[in-house]
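Please look over the sequence and the structure below, and then follow the paragraphs from one helix end to the surface and on to the interior.

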Amino acid sequence: MYPSMKSVYICFGTDVIHGGHIRILERAAQLGRVTAGVLTDTAVASYRRYPLLPYEERKSIIENLKGVSEVVPQDSLSYAENVRRLRPDYVVHGDDWLEGAQKPIREEVIALLGEYGGELVEYPYSDDESHKLLDSSVRETLSLPDVRRSRLKKLLAIKKPVSVLEAHNGITGLIVEKTCVVENGQARQFDAMWVSSLCDSTAKGKPDIELVDMTSRLQTIDEIMEVTTKPIILDGDTGGKTEHFVYNVRTLERMGVSAIIIEDKVGLKKNSLFGTEVKQTQDSIENFSAKIAAGKKALRTKDFMIIARIESLILEQGMEDALRRAFAFVAAGADGIMIHSRKKAPDEIFEFCAKFREKDGTTPLIVVPTSFNAVTEEEFAKRGVNIVIYANHLIRSSFKAMQKTAEMILEAHRCKEVDDNCISIKEILTLIPQQ
C-alpha cells in the first residue's frame, strides 16, 4: 500500500542512473505511488547533450527501477502537459533548479500545483564526486569520432529544423555547446556547430580566399572537438580539386566531423555575398556531380554527409537552373542541398523550397539566413527546411565588442571604464572545463 494512496510525479532525462537518482526515487516512493516521466529524445536534445540511449531504452531502465509504478513520456522540458493530465499530489525534484535555465520550469510547476492544491517536494541535489566523473565519462563517449559523427543524422530524424551556430575556436565552441535558454516552458539550444571558412580566415586575420589551407582548418576543428561534443558541419568552400577532395572527406570522416558543405563554383574563392559584383564562375553540373560522387565513393561509413551548396540564385542564373542543379546533385549522391541568396526578402528561397519539395520530400534542405534574417526557424520548418545555419554571428559580434573595449581603454587611459563590458574571470573559468 502507498501512503494514503497519494500520487507522485518525477521526471528523468538522464541515460546514466547513479546513486543520487536512486535516493531521490526512494524518497518519492515514500510519499506515494510514483509515476515517472521520461524525457523524449527530442526534449533531451532541446536543452542538453543528445542522449546516448534512445527513449525506449531509457524508458525500459526507469520502469524497472524499484518504486516506479508507471512510466510516461514527457515531450518537453515543461511539466505542464503531464501535471495537468495526471494531477499528482506531489511533484518531486532535486533543488538544482532553484537557479539557472530550469528556474522558469520550477516556477511553472509551482503555479500548476497551486491550481488544485498539489505540492512541490525538493530534495538536496546530489553533488557526489563520483557522479561528476560519470558525467565526464559520458561526455568523453559523446566526443568520440564515431559517436559524434553519427549524431547529425539522428538529429535530422527527430528535430526540424536543426539549429546550427558558427564556432571558430575552442571558446566559441564551448559557447555553442553550453548556451541554453528557456521560454514558455521550452528549452532551446544549438544542435550543432558550423566551422566557416570566412570565420576561420577572419580569426587568423586573413582574407576569405581559401588562403587558410586544409591543414590549418583541421587544426581549428581539432581545437573545437577537444572541448565539445556536438556535431560539426564544415564549410568546405568549393571542395578543391576532386583528387584532393576525396582524401579530405576521409580525413574529416575519421576525425568525427558530421558533414561538409561544398559550393558549385570554381576558381579563386570569392565570398558569395558579393554576388555578381565580383567575377565568380559556377562549375558545370557534370563536373560538380562527379566531385560529389567521388567523395561519396571514398567514404567508409554511412554517417558522413556531403551537402551541395547551389550558387545559382547568388549569381542570378535563375530558379530553373538552381532546381536543375539540385536534382542532379541529389542524383549524384548529395546528402542535402543548401540554397543560398543575398536578398533580404526570402521570396526566392521560399519559392525554391516549395518547388524542390514538390518532387523531393526527403532530402534535407539547408539555409543560411545571413541576409534574409527576419525569418524564424519555425517558418523555415513549415517551408521544408531541415537545417538553419547562423554562419558568422559570433565572430561579427565579438569583433564589435573587442573594438569598443580597445577604444574605451585608449580614451580613458585606464581600464576601469570597460568593466561593465567584460565578464568576470570566474565566469570564464566556469565555462571552460577544468579536466
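Asn169 caps the N-terminal end of helix H8 (170-178), with a side-chain oxygen 3.4 Å from the backbone nitrogen of Ile171, a polar contact being a pair of N or O atoms within 3.5 Å, one able to donate a hydrogen and the other to accept it, where residues adjacent in sequence count only if both atoms are side-chain atoms. Helices (H or I, at least four residues) are DSSP runs numbered from the N terminus. The model is predicted, so that local features need pLDDT of at least 70 and side-chain atom pairs count only at pLDDT 80 or more, while totals for chains, interfaces and linings use all residues. Residues are numbered from 1 along each chain as its sequence is written, and side-chain values use heavy atoms, without hydrogens and water.

Within H8, Gly170, Thr172, Gly173, Leu174, Val176 and Glu177 are buried, that is, under 20% relative accessible area (exposed means over 50%; 1.4 Å probe, protein chains only). Ile171 and Ile175, by contrast, belong to a nonpolar surface patch together with Ile423, Ile425, Ile428, Leu429 and Ile432; such a patch joins nonpolar side chains within 5 Å, from residues with over 30% relative accessible area and no salt bridge. Helix H17 (425-431) gives the most to this patch, three residues, whereas Ile423 is found in the loop between helix H16 (393-412) and H17 and is exposed, at 53% relative accessible area.

Arg325, in helix H13 (residues 319-331), is buried at 7%. Beyond its neighbours within four places in sequence, Arg325 is in contact (heavy atoms within 4.5 Å) with residues including Asp264, Asp283 and Ile310.

Conventions. Patch = residues over 30% accessible without salt bridge, like charges linked within 9 Å, V, L, I, M, F, W, Y side chains within 5 Å. Areas by Shrake-Rupley, 256 points an atom, 1.4 Å probe, with all protein chains shown as cover. Salt bridge = Lys/Arg side-chain N within 4 Å of Asp/Glu carboxyl O. Helix = DSSP H or I, 4+ residues; strand = E, 2+ residues; numbered from the N terminus.
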